[in-house]
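I wanted to see how this chain packs, so I opened the model and kept notes as I went. Here is what I looked up.

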Amino acid sequence: MIANHFTCRGIINTHLYTHLRKPWRIQDMASSDMAAFREIFSKANNIAIITGAGVSAESGVPTFRGAGGYWRKWNAQDLATPTAFNKNPSRVWEFYHYRREVMLTKNPNPAHLAIAECEDRLSRQGRKVSIISQNIDELHRRAGSKNILEIHGSLFRTRCMSCGHEEANYNSPICAALEGKGAPDPEAHDAQIPVEKLPRCEQRGCHGLLRPAVVWFGEALDADILSGAEGVLDSCDLCLVVGTSSVVYPAAMFAPQVAARGVPVAEFNMENTPATERFKFHFHGPCGTTLPPALARHESEQH
């Protein structure tokens, strides 16, 4: 599988897409025929749903993409790196503290809820829905989804830089020194919190510096999670790509590789992506509007 060759998170180079186009079958034009999609959906037994930042945007979650890709004066992607954390852990923790605090005020939107309801409903019919999410906001879990692979980790997990211990952490604030910090205003100054005041490991005898348990750009994805995602992609008979820009790899390669083996792929997005031409369907518009009718109970389903 292609994903085997892309185990580290990064932004895909458009030249790579061009290079990969030749051996992959390209659709003449992605269809927006919902009735045709629904017919395929009604017969699918193993559905993979790949989600990205766009599915959470309607919950008011900053996507940190495009024009909105800045926190203060820094490109958010430049803060999501091991180098940035090693150089200035206070600044990076301010950034993630801000994101954690924002997320605690947000709720799942109709797209999250439609996915969760579909998973629950189809599971009672002996059918499977698997979610491969690039998001770190846990909104799928809060919506009620259970079969989730969070390939980029979670905002609400920490990992110790010393002992490696990882655990869930929903504290608000995550430490006293970060209370009231992290404002995104470009004029805001760094808090310059001493490293010993940043979140620390509470394992006996450790007290090491904690970091967010997320996959930063340039870091390898968790091997078990990546293996699980590949298993889902290899076995699915229908794939949905929801709110993803298709430029962050390895996730950007997931749906095209499913399409390459002839499985129908439906893209739900506000705009076309570099991968749209590979897919059977494309439904334009807010995911919270387009996804619920796509995943609603089909007339062929038993009540």
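**Cores.** I started with the largest nonpolar core, which has 33 residues. Trp 71, Trp 93, Phe 95, Tyr 96 and Trp 216 have the most contacts inside it. My terms: a nonpolar core is a set of buried Ala, Val, Leu, Ile, Met, Phe, Trp, Tyr and Cys residues joined through side-chain atoms within 4.5 Å. Buried means under 20% relative accessible area, exposed over 50%, and partly exposed in between (1.4 Å probe, protein chains only).

I then checked which elements feed this core: helices H4 (76-79), H5 (82-87) and H6 (89-103), plus strands E7 (153-160) and E9 (210-214), each supply at least two residues. H6 gives the largest share, seven residues. Helices (H or I, at least four residues) and strands (E, at least two) are DSSP runs, numbered from the N terminus.

Why does this core lie between domain 1 and domain 2? Because domain 1 (26-59 + 107-151 + 220-302) and domain 2 (61-104 + 152-213) both give residues to it. The domain bounds come from an automatic or database domain assignment. Apart from this core I found another, of 24 residues, including Ala 44, Ile 49, Leu 291 and Ala 294.

**Ground rules.** This is a predicted model, so I note that local features need pLDDT of at least 70 and side-chain atom pairs count only at pLDDT 80 or more, while totals for chains, interfaces and linings use all residues. Residues are numbered from 1 along each chain as its sequence is written, and side-chain values use heavy atoms, with hydrogens and water left out.

**Tyr 96 and Arg 99.** The unreviewed UniProt entry puts a "binding site" feature at these two, Tyr 96 and Arg 99. UniProt positions are in the numbering used here, feature names are shortened, and annotations may be inferred rather than shown by experiment. Tyr 96 lies in H6, and so does Arg 99. Buried or exposed? Tyr 96 counts as buried at 2% relative accessibility, and Arg 99 counts as buried at 19%.

Next I listed contacts (heavy atoms within 4.5 Å), leaving aside neighbours within four places in sequence. Tyr 96 is in contact with Ala 80, Ile 136, Leu 155, Pro 212, Val 214 and Trp 216. For Arg 99 I got Phe 64, Ile 136 and Leu 155.

**Asn 135.** I found Asn 135 in the loop between strand E5 (128-133) and helix H8 (139-143). At 8% relative accessibility, Asn 135 counts as buried. A polar atom of its side chain lies 2.9 Å from the backbone oxygen of Gly 52. Beyond four places in sequence, the contacts of Asn 135 are Thr 51, Gly 52, Ala 53, Val 55, Ser 56 and Gly 153.

**Helix H7.** H7 (residues 110-123) has 14 residues and reaches 20 Å from first C-alpha to last, close to the 20 Å expected at 1.5 Å a residue. That expected span is 1.5 Å times one less than the number of residues. Among its buried residues I noted His 112, Ile 115, Glu 119 and Arg 121. The buried residues of H7 pack against helix H2 (34-43), strand E2 (46-51), helix H3 (53-57), E5, H8 and helix H11 (287-295).

**Met 253.** Last lookup: Met 253 sits in helix H10 (residues 251-260) and is buried, with a relative accessible area of 0%. Its C-alpha is 8.7 Å from that of Ala 275, 22 residues apart along the chain.

Terms used: A polar contact is a pair of N or O atoms within 3.5 Å; within protein, one must be able to donate a hydrogen and the other to accept it, and residues adjacent in sequence count only if both atoms are side-chain atoms.
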